[in-house]
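User: I'd like to learn how to read charged pairs and cysteines in a protein model. Can you walk me through it?

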Amino acid sequence: MPRTLILMRHGQATSPAGTADHERPLTPTGAAQAEAAGRWFAADGRRIDTVLCSSALRTRETFRGVSRGARWRDADSACTSSPALYNADATAVLGEIALASASTTTLLVIGHFPGLPEAALVLDPAGAHSGRVRRGMPVGAYVTMSTDSPWAALPDALWGPAADPFATITGIHMP
């Protein structure tokens, strides 16, 4: 069964004095970036089955903005907040993806730099779009990937014998 993975970096956040990194909110620009991404998802006809967000405030606010832009209903209940994704490296991001339900065909992960672009490059290290991901993933950007493998096969694909990439980067969307 074909699957789509979308790795999205949170929108631009502010750093108010005395605010812990985990509690940094989006700026108005960050909120606009998130809503624009939601409009892109809607225009592309994207249907998201499962959403994983870092537990950081800025990622949860990004998801709410994406939801508004895409006009998704009951969005807050559709997002699973994962402390493991907060400032996660590629290995932790991929570990969370591997836990996704077998019935999920489109998975959106909202998190942080550098873990998300590193995860994309682990999944597709030499694909046609990999160089563009290596050049950077600004706030509000997302990478779209496709795979025919089940999410649970991810660890075997990554740490087993060398094989084809687990997924292929099919698009990079910058705000």
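**Salt bridges and cysteines**

Analyst: Let's start with one residue: Arg-58 is buried, its relative accessible area being 2%. Here buried means under 20% relative accessible area, exposed means over 50%, and partly exposed is in between (1.4 Å probe, protein chains only). Keep in mind that this is a predicted model, where local features need pLDDT of at least 70, side-chain atom pairs count only at pLDDT 80 or more, and totals for chains, interfaces and linings use all residues. Residues are numbered from 1 along each chain as its sequence is written, and side-chain values use heavy atoms, with hydrogens and water left out.

User: Which residue forms a salt bridge with Arg-58?

Analyst: The general idea is that side chains of opposite charge can pair when their charged atoms come close. We call it a salt bridge when a side-chain nitrogen of Lys or Arg lies within 4 Å of a carboxyl oxygen of Asp or Glu. In this model Arg-58 pairs with Asp-21, with 3.2 Å between the closest N and O atoms. That pair links distant parts of the chain, 37 residues apart: Arg-58 sits in helix α2 (residues 57–70), and Asp-21 is in the loop between β1 (3–9) and α1 (28–43). Those labels come from DSSP runs, numbered from the N terminus: helices are H or I with at least four residues, strands are E with at least two.

User: Is Asp-21 buried or partly exposed?

Analyst: Asp-21 is partly exposed, at 30% relative accessibility. Asp-21 also meets Arg-24 in a salt bridge, 3.1 Å from N to O, and Arg-24 is buried at 17%. Put together, Asp-21, Arg-24 and Arg-58 are linked in a network of salt bridges.

User: How many salt bridges does a search of the whole structure find?

Analyst: Three. Among them is Glu-35 with Arg-68, whose closest N and O atoms are 2.9 Å apart. This pair also links distant parts of the chain, with Glu-35 in helix α1 and Arg-68 in helix α2, 33 residues apart. Glu-35 is partly exposed at 26%, and Arg-68 is partly exposed at 48%.

User: And how many disulfides are found?

Analyst: In general, a disulfide is a covalent bond between the sulfur atoms of two cysteines. The search looks for a pair of cysteine sulfur atoms within 2.5 Å, and it finds zero disulfides here. As for cysteines, Cys-53 is buried at 0%, and Cys-79 is buried at 17%.
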